[in-house]
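Let's take a friendly look at the empty spaces inside this protein and at how two of its helices pack. Please have the sequence and the model open as you read.

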Amino acid sequence: MLNFTDVTEFILLGLTSRPELQQLFFVIFLLVYFITLVGNIGMIILIRVSPQLNSPMYFFLGHLSFADVWFSSNVTPKMLENLVSETKTISYPGCIVQCFFFIAFVHVEVFILAVMAFNRYMAIGNPLLYGSRMSRTVCIRPISFPYIYGFFISLISTLWTHGLYFCGNIEINHFYCADPALIKMACAGTLIKEYTMRTLAGLNFSYSLLKAFSTCGSHLTAESVEQRKMVAVFYTTVIPMLNPMIYSLRNKDVKEAMSKAMSRAFLNK
């Protein structure tokens with residue numbers, strides 16, 4: 001019989017144990033997180049208030065920004081807290097919630113990128129029928145799928161995570177509650193969790209790879225090696241910050257909409 005313990009919290013070992021690097025990382029990632037929030041929330045607002053951005057492409061980009069805000073906010077605040085805190089812990093319920101939203105928004109973001117790739121294909125392949133085939137009503141259906149599917153898969157995965165048993169070791173060698181790290185710590189209940197995680201990952205990312213590799217290769221590459229800490233940092237903090245710049249801020253329509261929105265704001269004052 002295994003000597004199971006009732007786990008109430010975990011210790012997150014984080015990125016480094018060196019105090020001087022922890023302070024430096026705190027400043028860097030606080031800045032990155034601030035830029036992420038400003039960039040993505042600003043993009044959501046700009047898309048909603050600008051008539052010239054009322055098209056399927058920007059409708060999907062708005063949802064990508066929404067997913068990026070949630071994805072980054074699920075991990076980064078706790079990472080920042082632990083970088084400046086003596087007790088680098090996360091409660092068991094907090095760990096489960098973090099796992100749930102991490103898995104959910106990984107799937108949501110990847111499949112939104114797949115939807116964006118399909119939208120691009122429709123715009124190039126059938127330009128004359130694009131307006132009727134990709135109306136706002138039609139767009140709601142494909143954009144609903146990533147949320148429904150992502151949260152459903154996440155619920156299943158998190159239930160199996162909740163079924164893991166731990167035998168005294170509560171140190172997670174990561175900066176957030178990650179399934180691979182939890183599986184490595186667990187002393188029972190890992191077989192079905194491991195099998196489920198690998199099966200779902202293989203099916204989901206192989207499918208999205210076929211549909212969206214041309215537009216999100218960097219995202220999928222990062223996702224395939226997420227167990228490495230620095231790659232995980234890049235994926236959870238840097239990519240959400242860069243997405244508005246990559247997909248939107250270099251776009252002429254977005255620049256014009258931003259200029260008009262700023263002009264209206266100054267005139268109103």
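Helix α3 (residues 92-125) gives the most to the lining of the second largest cavity, with 3 residues. This is a predicted model, so please keep that in mind throughout. The full set of residues lining the second largest cavity is F10, Y92, C95, I96, T161, F166 and L182. By class, that lining divides into 6 nonpolar, 1 polar and no charged residues. The space in the second largest cavity comes to about 30 Å³.

How many cavities of 30 Å³ or more does a search of the whole structure find? The search finds 2. In general terms, rolling a probe the size of a water molecule over the atoms shows where empty space is left.

Now to the largest cavity, which holds about 70 Å³ of space. Its lining is made by L12, L13, G14, L15, T16, Q22, M79, N82, L83, K88 and F175. Which helix gives the most to the lining of the largest cavity? That is α2, with 3 residues. Sorted by class, the lining of the largest cavity has 6 nonpolar, 4 polar and 1 charged residues.

Here are the two cavities side by side:

| Cavity | Volume | Lining by class | Helix giving the most |
|---|---|---|---|
| Largest | about 70 Å³ | 6 nonpolar, 4 polar, 1 charged | α2, 3 residues |
| Second largest | about 30 Å³ | 6 nonpolar, 1 polar, no charged | α3, 3 residues |

Helix α2 also takes part in a helix pair. The axes of helix α1 (residues 19-49) and helix α2 (residues 56-83) come within 9 Å of each other, crossing at roughly 155°. Because angles over 145 degrees count as roughly antiparallel, α1 is roughly antiparallel to α2. The crossing of α1 past α2 is left-handed. In the contact of α1 with α2, the residues by class are 18 nonpolar, 8 polar and 1 charged.

One residue of α1 deserves a closer look: L37 lies in this helix. Is L37 buried or exposed? L37 falls in between: with a relative accessible area of 23%, L37 is partly exposed, because buried means under 20% and exposed over 50%. Along the chain, L37 and W70 are 33 residues apart, and their C-alpha atoms are separated by 9.5 Å.

Definitions and conventions:
Residues are numbered from 1 along each chain as its sequence is written. This is a predicted model: local features need pLDDT of at least 70, side-chain atom pairs count only at pLDDT 80 or more; totals for chains, interfaces and linings use all residues. Side-chain values use heavy atoms; hydrogens and water are left out. Axes are lines fitted to C-alpha atoms, for helices over the stretch in contact, and angles run from 0 to 180 degrees between N-to-C directions. Helices (H or I, at least four residues) and strands (E, at least two) are DSSP runs, numbered from the N terminus. Angles under 35 degrees count as roughly parallel, over 145 as roughly antiparallel, 65 to 115 as roughly perpendicular and the rest as oblique. A crossing is left-handed if the near helix is turned anticlockwise from the far one by less than a right angle, and right-handed if clockwise. Ala, Val, Leu, Ile, Met, Phe, Trp, Tyr, Cys and Pro count as nonpolar, Asp, Glu, Lys and Arg as charged, and the others, Gly among them, as polar. On a 1 Å grid over the protein atoms alone, a cavity is a set of points where a 1.4 Å probe fits but cannot get out, and a pocket is an open set with protein on both sides within 12 Å along at least five of seven lines; lining residues have an atom within 4 Å of a point. Grid points are joined across faces, edges and corners, and a volume is the space filled by probe spheres set on the points. Buried means under 20% relative accessible area, exposed over 50%, partly exposed in between (1.4 Å probe, protein chains only).
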